[in-house]
Amino acid sequence: MTNRTYREVRLAARPTGPVTDDLFEIVEVPVPEPGPGQVLVRNTHMGLGAVMRSLMDEHNGVPIPSYEVGAPLHGHAIGEVVAAPGTDLNPGDLVEHRLGWREYALLDADAATRLDPDLMPDPAAYLSQGSTALMGIERGAEVRPGDTVFVTGAAGGVGTLAGQVARQFGATRVIGSTGSQQKADRLIKELGYDAVVIRGAGPIEEQLRAAAPDGIDAVFDNVGGEQLEAALALANRNARVAIVGALASQLSQDGTTVKVAVDSLSLLIRSITLRGIALYNHLDLIPQWNRRFAAGLRDGTLTFPHARLQGIEQAPRALRELTEGRHLGAVLVEF
């Protein structure tokens, strides 16, 4: 190994509002030497997610440790093994782990998962959020042939795949929500959505009634707030509602939790299932998704919408732009 130092991104201060570049610092540090049972990985790609904004707060409300001020951030990454003494990993192996935001990662070998380098057409596809999409569609909303499905936050890394997966499970009408007409047009033209409601273009419930005149059978909710309330208002009898994310609260400008008004009697009368569902309880879906995604990418039945920024120095910008809704699909950084 020729590099003796590497760069990592640290949290410089906790935010009091939106993500800004001055909340991060990029530091050059020595490359560590792995001890027995450890693996040194040269990271090649990392994935960003809206949950990272929550992790910047001291008390984040999710079952993931908050970032520490002065310490490097963490997140999903893939890379190549440089050295792994006393383990079954070998130099050159492709692995995934949770120590992104740095060019090199030192971790215990059992925290690195070996990946098949030939499975995906592009190794970066291992960083998709499709396992969450599959979880919400199959086990949360239990999408069935003939369903009308509503996916909130449809232009994000999860939503752009959830709509595609809903089709695979037989949905006949897929409706999304997003924040701009430009994204709405792309969701319809490029990703097969039948209709899209636009945040800020009028009451969501009114838009949704026009898009789903026969009501909604399954809901994949990434957002909460007004969009979830509208989905519940239009939910058909025996509809299934999967709560997969809470972007309205995670990305609120003042850090407040966005409440949802629920008419429990109405839900009872219509026999509606409302289910919160998180991937950490469904980790068996990750290898299933990887096989499904690889096959779909190769035969053209699935696509991987994403933005890819180059260089670790772009990581703060990548997270800021993700939280600002600048991109369609997943947001990745390539080192």
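A salt bridge here is a side-chain nitrogen of Lys or Arg within 4 Å of a carboxyl oxygen of Asp or Glu. The legends below describe close-up views of a predicted model.

**Figure 1. A salt-bridge network joins D21, R317, R320, E321, E324 and R326.**
D21, R317, R320, E321, E324 and R326 are linked in one network of salt bridges. Across the whole structure, the search finds 21 salt bridges.

**Figure 2. E33 and R4 form a salt bridge between distant parts of the chain.**
The closest N and O atoms of E33 and R4 are 3.1 Å apart. E33 sits in the loop between β2 (24–30) and β3 (38–47). R4 belongs to the segment before β1 (5–11). The two residues are 29 residues apart. E33 is exposed, at 56% relative accessibility. R4 is partly exposed, at 45%.

**Figure 3. E103 and R7 form a salt bridge.**
Here the closest N and O atoms are 2.9 Å apart. E103 lies in the loop between β5 (94–97) and β6 (104–108), and R7 lies in strand β1, so the pair ties together parts that are 96 residues apart in sequence. E103 counts as buried because its relative accessibility is 17%, under the 20% cut-off. R7, at 29%, counts as partly exposed.

**Figure 4. D147 and R240 meet in a salt bridge between buried residues.**
The N to O distance between the side chains of D147 and R240 is 2.5 Å. D147 is in the loop between α2 (130–140) and β8, while R240 is in strand β12 (residues 235–243), so the contact ties together parts 93 residues apart in sequence. D147 is buried, and R240 is buried too.

**Figure 5. Strand β8 presents buried side chains in two directions.**
Strand β8 covers residues 148–151. T148 and F150 point one way. V149 and V151 point the other way. All four residues are buried. In a regular strand, side chains alternate between the two faces of the sheet.

**Figure 6. β8 pairs with β9 in the parallel sense.**
Strand β9 spans residues 173–178. Four bridges join β8 to β9. F150 has I175 as its bridge partner in β9. From β8, the chain crosses through helix α3 (residues 159–168) to reach β9. This β-α-β crossover is right-handed.

**Figure 7. β8 also pairs with β11, again in parallel.**
Strand β11 covers residues 216–221. Three bridges connect β8 and β11. V149 stands opposite A218 in β11. D217 is found in β11 as well. D217 counts as buried, at 18% relative accessibility. The C-alpha atoms of D217 and T148 are separated by 5.3 Å, although these residues are 69 residues apart along the chain.

**Figure 8. W289 and F293 stack within helix α9.**
The search of the whole structure finds four aromatic pairs. In the pair of W289 and F293, the ring centres are 4.7 Å apart and the planes lie at 25°, so the pair is stacked. The cut-off for stacking is under 30 degrees. Helix α9 spans residues 285–299. W289 and F293 are four residues apart in α9, so about one helical turn separates them. W289 is buried, with a relative accessible area of 1%. F293 is buried too, at 0% relative accessibility. Ring pairs also bring in F304, linking W289, F293 and F304 into a cluster.

**Figure 9. L265, L268 and I269 make a nonpolar surface patch.**
The patch has an area of about 340 Å². L265 is found in helix α8, which covers residues 264–269. L265 counts as exposed because its relative accessibility is 52%, over the 50% cut-off.

**Figure 10. T20 and M135 are separated both in sequence and in space.**
T20 lies in the loop between β1 and β2. T20 is partly exposed, with a relative accessible area of 34%. T20 and M135 are 115 residues apart in sequence. The distance between T20 and M135 is 32 Å, C-alpha to C-alpha.

Note on methods. Residues are numbered from 1 along each chain as its sequence is written. This is a predicted model: local features need pLDDT of at least 70, side-chain atom pairs count only at pLDDT 80 or more; totals for chains, interfaces and linings use all residues. Side-chain values use heavy atoms; hydrogens and water are left out. Patches are made of residues with over 30% relative accessible area and no salt bridge: like charges are joined within 9 Å, nonpolar side chains (Val, Leu, Ile, Met, Phe, Trp, Tyr) within 5 Å. Accessible areas come from the Shrake-Rupley method with a 1.4 Å probe; for residues, only the protein chains shown count as cover. Buried means under 20% relative accessible area, exposed over 50%, partly exposed in between (1.4 Å probe, protein chains only). Rings of Phe, Tyr and Trp (its six-membered ring) pair if their centres lie within 6.5 Å; planes under 30 degrees apart count as stacked, over 60 as edge-to-face and the rest as tilted. Two strands pair if DSSP finds at least two bridges between them. A crossover is right-handed if, with the strands pointing away from the viewer, the path from the first strand over the helix to the second runs clockwise.
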